[in-house]
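Work through the exercises below with the structure in view. Try each task before reading its solution.

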Amino acid sequence: MQKILTRHFNQSDSHRLDFYLRDKGYEGARKALTQMTPAQVIDEIKKSNLRGLGGAGFATGTKWSFIPQSNPKPKYLVINADEGEPGTFKDKYILEQDPHALLEGIIVTCFAIGSHKAYVYIRGEYLKSIERVHGAIEEAKQKGFLGKGIMGTSFDLEIIVHQGAGAYICGEETALLESLEGKKGFPRLKPPFPAVVGLFGCPTVINNVETVSCVPPIILNGAEWYAKLGCERNGGNRIFCVSGHVKKPGIYELPLGTMLREIIYEHAGGIRDGHQLKAVVPGGISASILTANEIDVKMDFDSLKAVGSMAGSGGIIVMDETTCMVWAAMIAARFFAHESCGQCSPCREGSGWVYRNVKRIYHGEGRKHDVANLPGIVGNIGGNTICAFGDAVTMSVGSYVQKFRSEFEYHVSQGKCDLLLNLQESAR
Amino acid sequence: MKEFISEIDKITSQYERKQAALLPILHFVQEKRGIISSESEKEIADYLGIPVVHVHEVVSFYHLFRQKPQGKCHFSVCQTTSCALLGAEEIITHFQQRLGIKPGETTADGKFSLNVVECLGACEIAPMMQCNEEYKGLLNKKKIDELIDQNR
C-alpha cells in the first residue's frame with residue numbers, strides 16, 4: 001500500500017524544508033504554477049475524486065469551482081485546522097510532522113481559485129502545530145515559495161496563522177469564519193454560501209488540512225493515479241484515527257473504502273486482550289454508532305451513508321463488551337450539551353434536555369417515559385437548526401437509543417446497569 | 001496596553017479588518033497578564049474601536065480565555081469518549097482526592113487548579129490531559145502522583 005499523507009512521518013526533521021525538498025517537495029506547486037492554468041488544476045482535482053476529509057466529504061474540485069471568478073472582490077482560502085471532532089487527531093500529525101505538505105497544497109489551491117491570501121485556523125490547544133506551521137512559513141518565504149512572485153512567476157501569496165480559542169463549534173466552516181473575523185463562533189445561515197459571501201464578505205474556500213495536503217501529489221502524479229487508489233467516487237487514501245478499546249490506537253493511512261473490520265482487527269491490532277467488540281463509532285462522535293454486526297462496511301463516504309452512518313472525520317472509536325451503552329450515550333450527550341453554541345433554541349435547549357434525560361436513566365433515576373421520549377427529543381433537534389451540529393446530536397445520541405434500547409429500558413425498570421450483571425454471569 | 005502596543009499593532013496589521021485581530025490580541029494579552037481582566041477588555045475594545053460588550057462576549061464564549069487566575073500548575077483533563085473509555089473518570093476522581101478540589105477550583109496555596117474539558121484531539125494517548133499547555137497521555141494514578149509531587 002502506497003503511503004502519501006503519512007510518508008514522511010516519524011522521520012527526524014520531517015517538518016523541515018530541506019527534508020521536504022528531498023522528496024519532490026514543492027514540485028507539485030511548481031508544475032501547477034508554471035505548466036497549468038487554474039481551470040486545469042480544478043479539473044484535475046475534480047477528476048481525482050478528492051473529497052473533503054474534514055467530515056462533510058464534499059467534492060473538493062467542485063467546491064473550488066463555485067468561486068465566482070467574475071467577482072472583483074479578493075478571494076480567500078481558509079484552512080480548517082480546528083480539529084475537534086472527538087476521536088479525531090490526524091490533522092495534528094500533518095501540522096506537526098509535514099507542515100510543508102500543507103503549505104504546498106495551499107499554494108496550489110490558492111492558484112486554482114485566484115486567491116492571494118490564505119488563513120490557517122489552528123485549534124488553540126495545538127501549540128506545537130502552530131509553532132511548526134509558523135516555522136514552515138518562514139522557511140518557505142526564504143526560498144521564495146511564498147510572498148511576491150512565487151517561483152519566478154507573477155503569482156503572489158501570503159499565509160497567516162490564526163489561533164483558535166477552544167470552541168468545538170468553530171470547526172463548522174461558517175462559525176470558523178465568524179471566529180476569524182473576531183466574533184463568537186455562531187454558524188451563519190446559508191445561503192449565501194462562503195464561496196460567494198465568505199470571509200470579510202468575499203468569496204472563500206474553506207478546506208480541511210488533510211484535504212489540501214493531498215493536492216500536491218495529485219498534481220504531480222495525476223488525477224487518474226489518485227482516483228485509482230481509493231474506490232468509486234472516493235479518491236485516494238485518508239488517515240483513519242483509531243482509539244478506544246483496541247490494542248494499537250493510532251493513525252492509519254489507508255485507501256478510502258477499506259473495510260472497517262480490517263482497520264479494527266488488522267491495523268489497530270484488534271480488541272484489547274480477553275474482550276470482544278460491542279460497538280464502534282466510525283467517523284467521529286457525530287456519526288451514528290455501529291454494532292459489532294455492522295462492521296463489514298467499506299469506509300468511504302457513500303458506503304457509510306448507505307448504512308445510516310457517516311465517514312465524517314475518520315475518527316474510529318471502538319468499544320468492547322464492558323461498555324454500558326447508556327453511559328456511552330451520556331458521554332456523547334454531555335459533549336454536545338457542553339459544545340452547543342446556543343444560537344438556535346432546538347439545539348441549545350434540546351442538547352441539555354437530552355443530556356439530563358440520559359444522565360437520569362444511567363444513574364437509575366429514569367422516569368417511566370424517559371426512554372420512549374428520547375427519540376422524539378433528539379429527533380426534533382436535527383433539521384431545525386442553522387448548522388449540522390443539531391443533526392449530529394440527532395444522529396449520534398439517537399443511534400445509541402435505537403440500537404441498544406433494551407439497555408436503556410433495563411436501567412429504567414431495574415434502576416441499575418444490566419451490564420455488570422451480564423459480565424458477572426459470563427465470568428462464572 | 002501601551003507597554004506592548006507595537007506588538008499589538010503588528011498582529012493587527014496582518015488582517016484586513018481590525019476586529020479580526022481580536023482573538024490573537026486576547027491570546028497575547030492573556031500570555032502577558034495571565035488573565036483577561038475587565039480593564040484589559042476595555043483597553044482592547046478602545047484599541048479596536050468596538051463596544052466592550054463585544055470583547056466580553058468573545059472572552060466568555062471561548063474557554064481558553066480566562067477571567068480569573070488559575071493555579072501555577074493547571075490540569076485540564078479530557079472527559080470525552082475515547083478518554084472516558086480508558087478511565088478518565090478515575091483519573092478525575094484521583095485528582096480531586098489528591099488535590100482536595102473540584103473541577104473549576106484552585107488549591108488554597110495557588111499551586112494547582114483542575115479543569116475537566118472536552119476532546120483535545122489526542123485520543124491515541126487516552127486517557128490524557130493538558131498540564132499547563134503540554135499534552136500528557138496514557139495517564140494513570142502513578143503518573144498523576146508524580147506530577148503533583150514534582151510541582152508541590
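**Exercise 1.** In this predicted model, find which residues I79(A) is in contact with, leaving aside its neighbours within four places in sequence.

*Solution.* Apply the cut-off: C-beta atoms within 7 Å. Start with I106(A). Next comes the run A118(A), Y119(A), V120(A) and Y121(A). Finish with N207(A), V209(A) and V212(A).

**Exercise 2.** Place I79(A) in the largest nonpolar core, and find which helix gives the largest share of that core.

*Solution.* The largest nonpolar core has 182 residues. I79(A) is among those with the most contacts inside it, along with V78(A), V280(A) and A329(A). Now look at helix α14 of chain A, residues 325–339. This helix supplies the largest share of the core, 12 residues.

**Exercise 3.** Describe how chain B touches chain A.

*Solution.* Count both sides: 32 residues of chain B are in contact with 42 residues of chain A. On the chain B side, the elements giving two or more residues are α2 (22–33), α4 (52–61) and α5 (81–85). Sort the residues of that side: 17 are nonpolar, nine polar and six charged.

**Exercise 4.** Split chain B into domains, then examine strands β1 and β2 of chain B.

*Solution.* Domain 1 covers 2–61 and domain 2 covers 73–151. Their centres, taken over C-alpha atoms, are 30 Å apart. Turn to β1(B), residues 73–78: six bridges join this strand to β2(B), and the two run parallel. One bridge pairs C73(B) with F112(B) in β2(B). Is β2(B), residues 112–117, mostly covered or mostly open? Mostly covered: five of its six residues are buried.

Conventions
Residues numbered from 1 in each chain as written. Chains lettered and ligands numbered in written order. Predicted model: local features only at pLDDT ≥ 70, side-chain atom pairs only at ≥ 80, totals over all residues. Buried ≥ 20, exposed ≤ 12 C-beta atoms within 10 Å, placed from the backbone. Helix = DSSP H or I, 4+ residues; strand = E, 2+ residues; numbered from the N terminus. Pairing = 2+ DSSP bridges. Core = buried A, V, L, I, M, F, W, Y, C linked by C-beta atoms within 7 Å. Contact = placed C-beta atoms within 7 Å. Domains from an automatic or database assignment. Nonpolar A, V, L, I, M, F, W, Y, C, P; charged D, E, K, R; others polar.
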